[in-house]
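Hello,

I promised to send you this one, so here it is. Have a look first, and my notes follow below.

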Amino acid sequence: MLLTSVIDWWCGMRVEQDGAGGWRKFWLWFSIGSNLTMLFMFKYLDFALGDSAMVRWMSDHNATAWIVELGKYTIPAGISFYTFQSISYVVDVYRGQEKAEHNLPKFMLYVSFFPQLVAGPIERFGKLHSQLFSDYMPRWENVRNGARLLIYGLFLKVAVADNLATVVDVFYADHVAFTQAEAWLATFYFTFQVYTDFFGYSLLAQGSALMFGIHLMDNFNKPFIAKSIPEFWQRWHISLSTWFRDYIFIPVGGNKRGPWVLALAAMLVFFTSGLWHGANGTMIAFGVAQGFLYLFDRFVFKKLEFVGGHFHDHEGRLPLRRRLWDGFRTVKTGFFFMMTLVWFRSATMDQASEVFGMLWMPGYIGCRLDGLEGIAAPTLAHGLQIPLFLCIFLLLDLWVMKDRADVWLGKFATPLRWMIYAAMAVSVWVWGGAINHPFVYFQF
Amino acid sequence: MKDIAPKMLLRLLVGVVVFFAANFWYVSSGLYRQERAKFSPMASKLDSAFGNGDVVYLGESSNTSFNPWTDTFGYSVSEFLQMYLPQNRVRGVSHDGYHVGLFSQMLGLMPEHWADSGRKTVVITVNMRSFGPSAMFNGNEASNQQEAIFYSHRTALLNRVYVSLHHYDNRDSREMERAKTQWFRTRDLRIGGGAGQHYGSTHGGPGLESAGEEWFYHNTVKWWLRDLQRQYAPVSGEANLARVMPMAEAYLKEFAFLLDEENPRVQALDAIVAKCKQEQVNVVFVLLMPNFDHANRLFGEELTQLMDYNMDFLRKRFAGWEKEYDKGAFKVGYVDVQRLYSDCRLGEYMRGVSENVGIGTVGNPCFDWAGGQHYTDQWYPTEHVDAHIRRFIAQKTAEKILAFQYRDRIQTGVTKPMVPVIKPSINNQPNWSIKMPLADTCLQSWKVFALKHLR
């Protein structure tokens, strides 16, 4: 991170000072190249080299063996996030949208701002930098709202996501031992595990930053009410989606140069997104599948819009036919996303294929002969909290909570609000998931 | 800031009240009892042991393991110990894969003023292997540490919060694997920093032997394993090299290390003595004997000298404590199973009262260690021994405890122990087809790594 920061800080200044001409472009690509090289070294080298003669040679020599170990076992915390954040800075300076930061410590603080360092949101220089170095005045509203976000984020991570993980982990540890119904349950649970896990982390990051008076961007906006995959990605991991939009999709051509360029740009974005998530076939498959679903919605499903009929009746309300159609599209979008997450969670392509087989082969009963004991039938004492917390979250996320958690909680009278706080706290204290499960996005 | 501080303090205060109210409900509803039993089954066993025992035996799998086909008696060491100490209530608490780090934490459940109701003793089994990287960076350690949260008298809900927020050493298998690999690569195996001739990058290259060098020891486990993979390792005996390889690999990973003061398990020993001294509870360390016999067959002196070094390191520590606390009311003792057993059998042999059974093997005429046939896990590097040795361990531990209780013995008299006589018998033969039944979780992945990178 130190090296990345120094290179990008230097390149940013050179890009600004060299005026027009080839050197600006050189420094821009030098910065991008060094960032991507660093990312490649830590995340993709092991995947790319595999079991080559060079790796064996490096392992056999003490001077180089540590590099193999480093590539194999070590990923600097948040490398995928701060690399993208740093690249966006140099590109923005190149485009003239931002002025270069001449003070190295200040630039390093932008890259390494602790709440969002490990797993985002990926903030843009203009927004974060101006807040970091404006006059700081502690405000009670910020502390209070930050604390509210922390409580809700902790509830999502510990009470909802970690509990769901107890089921999902058991299933994926030995998937062939389970039945078809359990495979569906684990797939459904994982969808909301990854959502609440990452959403929870984003809220914790926002809450921590807000307590210091820094407003970070919202990373999620009710993705499971999206009616299409394009809309879904405008609501899910927003900071990454907008990064891809601004720095890959639009520069490649976006939607202004006809359908073929759009398709190419979209596929490039989703392929890169898959690769960003991890150096293995399953993540690439996840990204490519998202790309195809994006194009399917954009070019094929859009033509079926007539099925929903009019958007308004003569009184200006949404007609029942339109509501049903929209509901169907929402369910369809969530369902397709859920299916692609099988690749996201599986350790190997083989495992993903087998899980798909379990989900879709008619009459699959698996190897277990003892019915639905285990994960599908949690005991009253230790298992009912899993569906209960999930239902509470879905109710809040899809229906009740119209604003961000801090604003929503602020609308309640003090006694009721404190009862909600206490309920969330007790859920975390007493029913938090016991399996040691780090944040899903920490691995990226 | 002035207007913020009181508001924050008020809310923190309310939070604390909510916490203690929740704690009251958590305990009184019986939920804590259920959860404690679920997350830490050992904790309730410890409560019972400390509540009802005069001697609490904290052991790992070697306490209870026996061979159902060949062992004459299936009694555990602690059960034998009860037979030797009829005046004492002996309570055994054992768990597979436990070690002194966890035993140290377990003492957190020792009741305050436990020793006030009479002389109490804690017996701690010490397994030298558990001080090494393979045991310390074991994939099960995170769950052990989670369980250990409950070995404490802290507020009930706080224990549960620690579980929810994973407030313990919760390194995952990847992190453990990395730590272990790093240890294997970097830790120097040279005793005293330079004794013997060591090499790393090559093994037995042309000219080395002709140069007259006698010993070609490995600097690190990594190079040793690599040579093993290359089938250059000096494996003795007639066993097929490929078939013995997994076993040899396991022995290297389990025993090829050197103890030092920085070792966390060594520091746990210090903590045990400090805690027992504070509570005035006697402590007896039982230093289990590793399978030197088989280690010698696999690697000869190169490995056994490391094992000897580590055993001596622990012996010196225990002997130092034994001497230091010899005079006061608080006592520390240790039972060196390997030495005591060898002495005992050697004595019998010299007196001609017993056959030389179970001591030396070919190439081990000096009676330094027990024969490998006493180990019940088919020569895997565990310390699981047959009933004959288990009884012997109990006997020697009982003698040590009785020596502590000498005054009590005079007052109460000693009942003759009702202990079955177990003659040693050869009950296990080497099984070279073994598939590593008790391999640690990282072993297999290391093998993949080694196959990929160390050939």
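Which residues of β1(B) are buried on one side, and which on the other? On one side they are B:V55, B:Y57 and B:G59, and on the other B:V56 and B:L58, so that both faces of the strand are covered. Please keep in mind as you read that this is a predicted model.

**Chain B: the sheet**

Strand β1 of chain B runs over residues 55-59. Because five of its five residues are buried, β1(B) is largely enclosed by the rest of the structure. β1(B) belongs to an open sheet of five strands, which pair in parallel in the order β2-β1-β3-β6-β7. The edges are taken by β2 (90-94) and β7 (332-336) of chain B. Each of these two has a single partner strand, so one side of each lacks a neighbour in the sheet. From one strand to the next, the twist averages 20°.

Going through the pairings:

- β1(B) and β2(B) are parallel and share five bridges; here B:V55 lies opposite B:V90 of β2(B).
- β1(B) and β3(B) are parallel too, with four bridges; B:L58 has B:I124 in β3(B) as its bridge partner.
- β3(B), residues 121-126, pairs in the parallel sense with β6(B), residues 282-287, over six bridges; B:V126 is partnered by B:L287 of β6(B).

Helix α15 of chain B (residues 301-324) packs on this sheet and touches β3, β6 and β7 of chain B. The direction of α15(B) makes about 145° with that of β7(B).

**Chain B: overall, and one helix that meets chain A**

Chain B has 19 helices and seven strands. Of its 455 residues, 43% count as buried. If you take the contacts in chain B between residues at least 6 apart in sequence, 79% of them join residues at least 24 apart.

Helix α9 of chain B (residues 156-164) is worth a look, since its surroundings come from both chains. Its buried residues are B:L157, B:N159, B:R160, B:V161, B:V163 and B:S164. They pack against α9 (140-173) and α19 (414-431) of chain A, and also against α1 (4-28), α2 (31-39) and α8 (141-148) of chain B. After α9(B) comes B:H166, which has a positive phi, near 55°.

**Chain A: a helix and a single residue**

Helix α16 of chain A covers residues 349-360. At 1.5 Å a residue its 12 residues should span 16 Å, and its end C-alpha atoms are indeed 16 Å apart, so the two agree. Its buried residues are A:A352, A:V355 and A:M358. They cover an arc of only 120° around the axis, which means that they sit on the same side of α16(A). Residues three or four places apart in an α-helix point the same way, because there are 3.6 residues a turn. The face turned away from the buried side of α16(A) carries the exposed residues A:D350 and A:W360. Among the elements that cover the buried residues are α10 (180-211), α14 (281-300) and α15 (320-345) of chain A.

Finally, A:A48 is found in helix α2 of chain A (residues 22-49). It counts as exposed because it has 11 C-beta neighbours inside 10 Å, where the cut-off for exposed is 12 or fewer. The C-alpha atoms of A:A48 and A:N280 are separated by 9.5 Å, although the two residues are 232 apart along the chain.

Best wishes

Key: Residues numbered from 1 in each chain as written. Chains lettered and ligands numbered in written order. Predicted model: local features only at pLDDT ≥ 70, side-chain atom pairs only at ≥ 80, totals over all residues. Expected span 1.5 Å × (residues − 1). Buried ≥ 20, exposed ≤ 12 C-beta atoms within 10 Å, placed from the backbone. Arc of directions from axis to C-beta. Contact = placed C-beta atoms within 7 Å. Pairing = 2+ DSSP bridges. Axes fitted to C-alpha atoms, helices over the stretch in contact; angles between N-to-C directions.
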